[in-house]
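Work through the exercises below with the model open. Try each task before reading its solution.

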Amino acid sequence: MSDTNKAKQCLQQSLDFFESDLFHDVQLAGIFADSKTFADAYPKFSWSEIFAGYQKDQTCEGFDLRDFVQQHFVIPETILLSNDTDKGSVKSYIESLWPKLERQPDKLDLCSLLPLSHPYIVPGGRFREIYYWDSYFTALGLNESGRQDIIRSMILNFIDLQDTLGCIPNGNRSYYNSRSQPPLLGLMVEMYLQNIDPLQTKVRRQFLEHCVQGLEKEYQFWMQGKEQLVGAATAIKRVVKMPNGVCLNRYWDDSVEPRPESYREDIEAAENIAAAKRPTFYRNIRAACESGWDFSSRWLANQDDLSTIQTTHIVPIDLNCLLYKLETLLSQFYAELLESELSSKFAAYAQIRKDAINQYLWDEQGGFYHDFDFIQGQKTTIQSLAACLPLFCQIASHQQAEHIADKLENSFLMEGGLVTTLNDTAQQWDAPNGWAPLQYFAVVGLMNYGFAPLSVTIMNRWMTTVEQQFITDNNMMEKYNVQHSQRVAQGGEYEVQHGFGWTNGVALAFYRLLDADTASN
């Protein structure tokens with residue numbers, strides 16, 4: 001049996017485990033505070049032995065479910081960063097973290113981990129696997145640290161996953177197999193290519209040819225079903241036909257079941273939802289996870305009620321900007337490979353998408369980009385940092401960029417950096433929280449349009465928050481409270497995590513940009 005077939009067999013066995021009575025019973029019993037713990041557990045015996053043992057033992061007098069789990073599974077631990085880490089400064093700490101967050105190629109096992117053939121970096125904390133969109137921001141730091149070898153390895157891992165699963169999953173766990181995350185592989189490839197010696201033309205071409213195949217497969221994943229759409233304002237999977245007949249995209253998940261890694265949490269969140277509507281609720285929860293913004297008022301009909309989540313109704317700014325970027329990169333890469341017809345095709349796709357983004361997602365009166373609810377046929381009212389993506393991907397005009405810069409400076413900029421949305425809710429991708437990826441998108445976007453002073457202010461405020469928190473507890477955090485930087489960020493399904501891959505990467509990138517600004521002045 002080939003490695004690919006073995007991987008698919010292990011994937012199916014793992015998915016069968018998530019549908020078993022044992023998994024259901026353990027998760028609802030609340031044995032673990034975090035449902036992800038049991039979803040990541042490693043079986044000590046074959047699945048058939050474990051399932052048979054459970055069916056037999058659970059009927060016995062005095063059966064203890066917790067004991068059964070301990071006897072039959074190895075329970076994973078949170079990634080704790082040892083005391084020998086260099087904590088002299090944020091920079092030295094991050095450099096000493098890379099080896100602790102690095103993982104070597106995986107063996108083919110029966111747990112939920114999807115094996116990868118090349119080394120990779122995990123975020124840290126409860127996140128013991130690679131994550132798709134995290135990896136781009138982590139790679140920013142690896143690039144500063146001279147670890148282009150790991151960037152290349154992670155690119156190859158994602159292409160392998162695309163070939164095996166038909167998509168680049170949220171992370172290399174079997175329970176992520178039905179959804180992806182914001183498409184950033186093209187940006188990782190672009191970053192890596194900048195480090196290949198121009199004289200190594202054969203090496204560059206071979207690598208680029210391999211990557212372009214993977215990138216086009218990813219593009220087809222996002223556009224799957226496009227040809228089946230007939231009427232305007234209709235959708236299939238991740239493709240939405242807009243009123244003018246042009247296709248844009250949304251986040252989606254084929255599954256309508258509770259997430260295994262948040263099984264109990266999802267079931268409890270759906271308790272007050274009519275049984276017939278729960279599958280739709282679960283799909284929208286999963287689609288929000290594909291966005292990376294899990295969760296945010298962007299996806300909610302009522303910003304204070306998670307049960308009103310409607311992610312699949314939304315045509316998001318960020319996703320469509322990143323797909324525009326993917327189309328432009330494919331055009332550039334095909335041009336370099338002398339595939340002029342394919343280059344022209346993707347350039348045309350990019351222009352069509354750019355025009356549609358500005359037609360449907362730009363609010364001329366408010367001077368800001370908004371998501372679009374295609375069911376309602378109108379823009380949503382939520383203002384979020386997703387509006388920075390048209391600057392990052394250079395879709396906005398200079399006049400549009402001026403409006404966005406003004407809004408960022410006067411509404412989003414807080415003492416500790418940029419707040420995620422202007423809505424203060426219980427969701428972690430809202431105020432008062434700030435996230436490293438969004439600071440980076442905003443800063444680079446502003447620099448693209450010449451707003452250097454504002455970008456420097458944002459970086460300085462963000463890095464002051466990061467450094468102050470580091471002094472307090474000697475850790476890099478997954479997210480930060482930017483409205484009250486002396487307070488720890490809250491919200492979400494789990495405690496704020498330490499590590500942390502994308503915060504590390506963006507911090508090193510910001511140090512370089514700030515040093516360059518100082519040198520130029």
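**Exercise 1. A buried acid**

In which helix is the place of D134? Then find its charge partners and its contacts.

Solution. This is a predicted model.
- Step 1: D134 sits in helix 7, which spans residues 132-144.
- Step 2: Check the burial and the charges around it. D134 is buried, yet it has no salt bridge. The nearest side chain of opposite charge belongs to R126, 10 Å away. A salt bridge needs nitrogen and oxygen within 4 Å.
- Step 3: List the contacts, setting aside neighbours within four places in sequence. These are P123, Q181, F500 and W502.

**Exercise 2. The faces of a helix**

Sort residues of helix 4 into buried and exposed, and place the buried ones around the axis.

Solution.
- Step 1: Helix 4 covers residues 47-57, and W47, I50, G53 and Y54 are buried there.
- Step 2: Look down the axis. The buried residues of helix 4 fall within an arc of 135°, so they line one face of the helix.
- Step 3: Turn to the other side of helix 4. There S48 and K56 are exposed.

**Exercise 3. Salt bridges**

Take the salt bridges of D515, R286 and E265 in turn. For each, give the partner and the burial.

Solution.
- Step 1: Start from the total. The whole structure holds 24 salt bridges.
- Step 2: D515 pairs with K91, and their closest N and O atoms are 3.8 Å apart. D515 lies in helix 19 (residues 501-520) and K91 in helix 6 (residues 90-101), so the bridge ties together parts 424 residues apart in sequence. D515 counts as partly exposed because its relative accessibility is 45%. K91 is partly exposed too, at 37%.
- Step 3: R286 pairs with D253, with 3.5 Å between the closest N and O atoms. R286 belongs to helix 12 (residues 278-291), and D253 to the loop between strand 7 (247-249) and helix 11, so this pair ties together parts 33 residues apart in sequence. Buried means under 20% relative accessible area. R286 has 5%, so it is buried. D253 has 0%, so it is buried as well.
- Step 4: E265 bridges to R264, the closest N and O atoms being 3.9 Å apart. E265 and R264 are both buried.
- Step 5: Look for shared partners. Salt bridges of this kind join K36, D40, R128, E129 and R173 into one network.

**Exercise 4. Pocket and cavity**

Give the volume of the largest pocket and of the largest cavity, then name lining residues.

Solution.
- Step 1: The largest pocket holds about 460 Å³ of space. Its lining has 26 residues, and T78, G125, R126, E495 and Q497 are the closest to its centre.
- Step 2: Ask which elements give two or more residues to that lining. They are helix 3 (35-39) and helix 11 (263-269).
- Step 3: Count the cavities. There are two of 30 Å³ or more. The largest has a volume of about 290 Å³. Of its 25 lining residues, F127, Y131, Q181, D294 and Y494 are the closest to the centre.
- Step 4: Follow F127 further. F127 lies in the loop between strand 4 (120-121) and helix 7. With a relative accessible area of 9%, F127 is buried. Beyond four places in sequence, its contacts are K36, I79, V122, E478, Y494, Q497 and F500.

**Exercise 5. Backbone geometry**

Where are the cis peptide bonds D294 to F295 and A431 to P432, and where do A233 and L338 sit?

Solution.
- Step 1: The bond from D294 to F295 is cis, with omega near 10°. F295 is in the loop between helix 12 and strand 8 (314-315).
- Step 2: A431 and P432 are also joined by a cis peptide bond, with omega about 10°. P432 lies in the loop between strand 14 (417-418) and strand 15 (433-434).
- Step 3: Now phi. A233 is not glycine, yet its phi is positive, near 55°. The loop between helix 10 (201-223) and strand 5 (234-236) holds A233. A233 is partly exposed at 37% relative accessibility.
- Step 4: L338, another residue other than glycine, has a positive phi near 65°. L338 lies in the loop between helix 13 (317-336) and helix 14 (340-360). At 71% relative accessible area, L338 is exposed.

Terms used. Residues numbered from 1 in each chain as written. Predicted model: local features only at pLDDT ≥ 70, side-chain atom pairs only at ≥ 80, totals over all residues. Heavy atoms only, no water. Helix = DSSP H or I, 4+ residues; strand = E, 2+ residues; numbered from the N terminus. Buried < 20%, exposed > 50% of the residue type's maximum accessible area, 1.4 Å probe, protein only. Lys, Arg positive; Asp, Glu negative; His and termini not counted. Contact = heavy atoms within 4.5 Å. Arc of directions from axis to C-beta. 1 Å grid on protein atoms, 1.4 Å probe; cavity = no way out; pocket = protein on both sides within 12 Å on 5 of 7 lines; lining within 4 Å. Points joined across faces, edges and corners; volume = space filled by probe spheres on them.
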